[in-house]
Amino acid sequence: NINIIIEDQFPIAATSKIDVKQEDKGDGKLNSETGVITWQYQMDAGSTKKTALKYTVKFPKDTFVGLD
């Protein structure tokens, strides 16, 4: 078996004009302070696994949204 840890992050709005809705993190564990989601799996060699991360971002038309 291979132990795999995957980390990703929900976006964090820099202003109250931007609304981020966290919709799905699959079976990942969420750190609510940082928005970081961690998935940990033990997998057999050659196997595959899909993880889910889904969110919606809403903002006014005149608002700049930069993605890092």
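**Strands, core and one salt bridge in a predicted model**

Good morning. Strand S1 and strand S4, the latter covering residues 36-43, run antiparallel to each other and are joined over eight bridges. A word on terms: strands (E, at least two residues) and helices (H or I, at least four) are DSSP runs, numbered from the N terminus, and two strands pair if DSSP finds at least two bridges between them.

The model is predicted, and local features need pLDDT of at least 70, side-chain atom pairs count only at pLDDT 80 or more, while totals for chains, interfaces and linings use all residues. Residues are numbered from 1 along each chain as its sequence is written, and side-chain values use heavy atoms, with hydrogens and water left out.

Let me begin with the sheet. Three strands make an open sheet in the order S1-S4-S3, with antiparallel pairing. Strand S1 (2-9) and strand S3 (29-30) are the edge strands, each pairing on one side only. Between S1 and S4, Asn-3 stands opposite Gln-42, and the bridge partner of Asp-8 in S4 is Ile-37. On the other side, S3 and S4 pair in the antiparallel sense over two bridges, and there Lys-29 faces Thr-38 of S4. S3 and S4 also form a hairpin with five residues between them, and Gly-35 in the turn has a positive phi of about 80°.

I turn now to burial. Buried means under 20% relative accessible area, exposed over 50%, and partly exposed in between (1.4 Å probe, protein chains only). Which residues of S4 lie on its covered face? They are Ile-37, Trp-39, Tyr-41 and Met-43, whereas Val-36, Thr-38, Gln-40 and Gln-42 form the uncovered face. With Phe-10, the residues Ile-37, Trp-39, Tyr-41 and Met-43 make up the largest nonpolar core, five residues in all. Such a core is a set of buried Ala, Val, Leu, Ile, Met, Phe, Trp, Tyr and Cys residues joined through side-chain atoms within 4.5 Å. Leaving aside residues up to four places away in sequence, Phe-10 touches ten residues' worth of neighbours, among them Leu-30, Gly-35, Ile-37 and Leu-53; contact means heavy atoms within 4.5 Å.The surface offers a contrast in topic. Ile-2, Ile-4 and Ile-6 form a nonpolar patch there, with about 220 Å² of accessible area together. Patches are made of residues with over 30% relative accessible area and no salt bridge, like charges being joined within 9 Å and nonpolar side chains (Val, Leu, Ile, Met, Phe, Trp, Tyr) within 5 Å. Accessible areas come from the Shrake-Rupley method with a 1.4 Å probe, and for residues only the protein chains shown count as cover. Ile-6 lies in strand S1 and counts as partly exposed because its relative accessible area is 34%.

Two further positions deserve mention. Thr-63, in the segment after strand S5 (54-58), counts as buried because its relative accessibility is 14%. Lys-50, in the loop between S4 and S5, is exposed, at 79% relative accessibility.

Finally, the charged pair. How many salt bridges does the structure hold? There is one. The partners are Lys-54 and Glu-23, whose closest N and O atoms are 3.9 Å apart; a salt bridge is a side-chain nitrogen of Lys or Arg within 4 Å of a carboxyl oxygen of Asp or Glu. This pair links distant parts of the chain, with Lys-54 in strand S5 and Glu-23 in strand S2 (residues 19-24), 31 residues apart.
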